[in-house]
Amino acid sequence: MNIAHWLARTARSSGGNPALMRGGQVLADYATFHARAGALARSLTEQGIAPDDRVALFATNSPDYLVALYGIWIMGAAAVPINAKLHPREAHFIVQNSGSAHVLASTDLIAGLRAESTLPVTALDGPDFAAMTIGPAAPICDRAPGDLAWLFYTSGTTGRPKGVQITHGMLAATSLCYPMDVDPVACDDAALYAAPMSHGAGLYAPIHVRMGARHMVPPSGGFDPAEVLALSAAHGPTSLFMAPTMLKRVTDAAKAAGQRGAGIKTIIYGGGPMYRADIEAAVDWFGPRFVQIYGQGECPMAITALARADIADRTQPRWRERLASVGRAQSAVEIAVVDATGQPLAAGQTGEIMVRGAPVMPGYWQNPEATARTLRDGWLMTGDIGHLDADGYLTLVDRSKDVIISGGTNIYPREIEELLLTHPSVDAVAVVGRPSADWGEEVVAFIVPAPGAGLDTAALDAHILAQMARFKRPKAYIQIADLPRNNYGKVLKTVLRQQLEEMR
Ligand code: AMP
């Protein structure tokens with residue numbers, strides 16, 4: 001089933017329901033949303049794009065982001081949503097790797113992209129796109145559950161992003177888990193897009209389309225705690241996805257303003273570890289409005305969920321333990337914890353978490369080696385370390401990969417290390433994360449200078465900023481005579497993290 005059928009059905013049954021909003025302003029009802037997406041599908045077809053082709057979306061949040069997604073799906077192509085914060089070079093890599101036939105981009109991102117790519121680009125916020133969404137609609141292209149709907153690029157530890165293939169079947173499974181395991185959706189709800197639509201927030205669009213709810217994009221196009229609170233109060237009930245650091249900022253802003261979260265129905269948090277003090281403070285202030293999810297691109301949003309009652313019910317004897325967990329398996333998956341040889345471990349024992357079920361990817365885009373490493377006998381090896389308890393609650397202990405999660409975004413040290421190593425003043429480098437009150441974690445680079453060179457922080461910073469997104473830039477550079485290594489010559493990052501801890 002093509003996931004776009006849910007839009008067609010809602011347009012038929014509830015065409016007059018408000019659908020697309022910028023702030024409090026309704027821009028389209030479901031009939032109009034559907035008609036514009038159908039017209040876009042026809043226009044894309046007329047431009048030579050065919051089913052199974054890929055169309056990249058390099059854009060900040062906007063109501064037309066959803067018109068673009070559904071237009072692409074209706075004509076049978078796959079969307080390649082790209083994080084708008086990426087450097088144009090990084091975006092270009094994704095456009096090329098995915099073999100995208102066309103790019104829909106925000107105007108302010110086009111110049112950078114054009115410097116890298118000769119591919120046809122249409123401004124999502126320009127007159128050409130608007131014209132493409134007017135006129136006769138294309139019919140919905142037949143899609144099988146295994147057909148590609150969304151290529152989701154996660155960074156790899158090798159520094160090269162990998163495309164996770166998200167199929168129409170996976171989108172349906174993930175979406176159906178939402179009302180089962182996360183939160184029921186009503187047609188007067190508003191999905192508020194305060195986090196990037198290229199990631200988790202966008203993946204929650206289809207279930208809200210299916211239920212005929214509103215899609216509200218903040219006028220700022222991004223995350224502003226005061227704006228989230230004001231929009232919810234004026235146009236709730238709202239539901240929104242937030243990374244843990246965003247939740248802390250909203251709580252702080254609400255406390256400062258004496259605002260108790262009027263209009264907020266549910267805040268779904270996940271994507272990185274949540275400090276217990278932060279969620280307790282949030283529940284103390286806002287009440288029982290939170291649900292946690294644990295997922296990864298390879299099983300988007302759908303591994304476990306920690307229910308509203310588990311988070312808020314302090315009378316439950318195991319409340320503290322559960323609050324520190326990521327909850328229980330969502331309805332469409334099985335989870336297991338295994339040792340290094342793949343043998344299942346008993347409750348309480350720590351090992352690698354694996355998951356299988358309908359929301360799990362069939363593999364990475366054109367990357368059989370990485371797929372073979374990650375999918376084993378039908379199970380997705382998450383690379384996360386944790387343990388289950390006797391009631392099925394899963395607690396994450398660590399990430400086996402050394403990913404740094406800053407502001408809810410994954411940063412892969414290897415990518416930064418490789419770039420720093422291309423600077424002539426650098427002999428060796430190791431990048432690790434250190435705890436940050438504002439960002440969750442921040443990037444720190446340990447540098448061994450090349451013989452005769454010193455540590456030139458400004459030069460290294462300029463080198464990074466010329467080629468990489470700003471949010472990946474190290475917040476500190478620390479000179480070190482030699483990196484600590486084990487017998488195999490592998491850098492011991494735990495020792496570096498300890499060193500940072502001692503310096504604090
Ligand atoms: P991504 O593929 O970019 O979505 O990153 C997925 C990774 O983020 C997971 O493998 C976990 O390491 C981490 N993660 C996701 N959700 C949570 C959560 N609720 N708590 C702790 N870590 C999480």
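**Ligand shell and open sheet in a predicted model**

Q: What makes the approach of G271 to the ligand a polar contact?
A: A nitrogen atom of the ligand is 3.0 Å from a polar backbone atom of G271. A polar contact is a pair of N or O atoms within 3.5 Å; within protein, one must be able to donate a hydrogen and the other to accept it, and residues adjacent in sequence count only if both atoms are side-chain atoms. The G271 pair therefore qualifies. This is a predicted model, in which local features need pLDDT of at least 70 and side-chain atom pairs pLDDT 80 or more, while totals for chains, interfaces and linings use all residues. Residues are numbered from 1 along each chain as its sequence is written, and side-chain values use heavy atoms, without hydrogens and water.

Q: What makes I293 and D384 polar partners of the ligand?
A: A polar backbone atom of I293 is 2.8 Å from a ligand nitrogen, and a polar side-chain atom of D384 is 2.6 Å from a ligand oxygen. The protein buries 87% of the 500 Å² that the ligand exposes when taken alone (Shrake-Rupley areas, 1.4 Å probe; for residues, only the protein chains shown count as cover).

Q: Which residues come nearest to the ligand, and what makes a residue near?
A: A residue is near if one of its heavy atoms lies within 4 Å of the molecule or strand. Of the 16 residues around the ligand, Q292, I293, Q296, G297 and D384 come nearest. β13 gives the largest share of the shell, 5 residues; β13 (290-296) and β20 (394-399) each supply at least two. Strands are DSSP runs of E, at least two residues, and helices are runs of H or I, at least four, numbered from the N terminus.

Q: Why are β2 and β15 called edge strands?
A: The sheet is open, with 9 strands in the order β2-β1-β10-β9-β11-β12-β13-β14-β15 and mixed pairing. β2 (25-29) and β15 (328-329) each have a single partner strand, so one side of each is left without a neighbour in the sheet.

Q: How do you know that β9 and β10 pair?
A: Pairing needs at least two DSSP bridges between two strands. β9 (residues 190-192) and β10 (residues 214-217) are joined in the parallel sense over 3 bridges, so they pair. One bridge partner in β10 is R214, opposite A190.

Q: What does A138 touch?
A: A138 sits in the loop between α6 (127-132) and β7 (148-154). Leaving out residues up to four places away in sequence, A138 touches G38, A41, R42 and I74, where contact means heavy atoms within 4.5 Å.
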